[in-house]
Amino acid sequence: MATARPERVGYIALIDDTGAESSQFPLNTGSNRIGRGQSCQLRFPDDGFLAREHCIVEASDRGISLKPLDFANGTYLRITTPVEIHHGDLLRVGQEVLRFERIDRLVSENNSRGSAEGVGWPIARGVWGRLSQMGLQRQVANAYLLQNQDVFLGRERGDILFPKDGFVSGSHAVISDRKGRAFLKDLGSSNGTFLRIKQEMPIRNGDLFLLGRNLLRVHVGNGSSS
């Protein structure tokens, strides 16, 4: 019995440094694999930050979804509304990879290991979280304690600044503590705020996702993202 040929339902565009779409790849029904390997429909063989099979864009009559396969360097989805973040979550602001941690979880984890090291004891009153800037080898380059209810990130204005990162907007994003729950909100930044996904997530026409050095936009149907 002949296997039905995949049907094209849109395309995935590669975004260059100017924000323009430099290349287009067909988005077909079924599994559209992205990575460095030969088995992928979208291949980026020269990107050493990608796994051989890094993620899948799944297209069916139920919609489009993004499924991460590699958890070393991760797959990041641009947020369009405020989202709740949890202990250990990774986010990308410009070229910065940042890990969010709750102080109560850090204290508990260090106590269970019998460690005297951690967040810089004693903890100042009112500190509720920590944001760690991650280096290329996943080591912590800098760590920032979160004490205000709203902690603003930016290149020029805010509580945590990245003045040398031209991809970070002047005022880029905010992390907020609301009764023990943390939320991340983009402040209309030019290049967006991205959160690493841990499981398969639905995506929509116009959504942006980031993997390795590649920023991609999904177009469904006629390709209009309006």
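Two exercises on strand pairing and burial follow, each with a worked solution.

The model is predicted, so local features are read only where pLDDT is at least 70, side-chain atom pairs count only at pLDDT 80 or more, and totals for chains, interfaces and linings use all residues. Residues are numbered from 1 along each chain as its sequence is written, and side-chain values use heavy atoms, with hydrogens and water left out.

**Exercise 1.** Determine which strands stand at the edges of the open sheet of five strands.

*Solution.* Strands are DSSP runs (E, at least two residues), numbered from the N terminus, and two strands pair if DSSP finds at least two bridges between them. The open sheet of five strands runs in the order S4-S3-S5-S6-S18, with mixed pairing. Strand S4 (42-43) and strand S18 (201-203) each have a single partner strand and therefore stand at the edges, one side of each being left without a neighbour in the sheet. For S4, the pairing with S3 (residues 30-35) is parallel over two bridges, and Ile 34 stands opposite Leu 42.

**Exercise 2.** Establish how strand S11 (residues 129-134) is enclosed, and which strands pair with it.

*Solution.* Begin with burial, where buried means under 20% relative accessible area (1.4 Å probe, protein chains only). Six of the six residues of S11 are buried, so this strand is largely enclosed by the rest of the structure. In a regular strand the side chains alternate between the two faces of the sheet. Gly 129, Leu 131 and Gln 133 are buried on one side of S11, and Arg 130, Ser 132 and Met 134 on the other. Turning to the partners, strand S10 (residues 96-102) pairs with S11 in the antiparallel sense over six bridges, with Val 97 opposite Met 134. Strand S12 (residues 140-146) is also joined to S11 by six bridges and runs antiparallel to it, Tyr 144 being the bridge partner of Leu 131.

Conventions. Helix = DSSP H or I, 4+ residues; strand = E, 2+ residues; numbered from the N terminus. Buried < 20%, exposed > 50% of the residue type's maximum accessible area, 1.4 Å probe, protein only.
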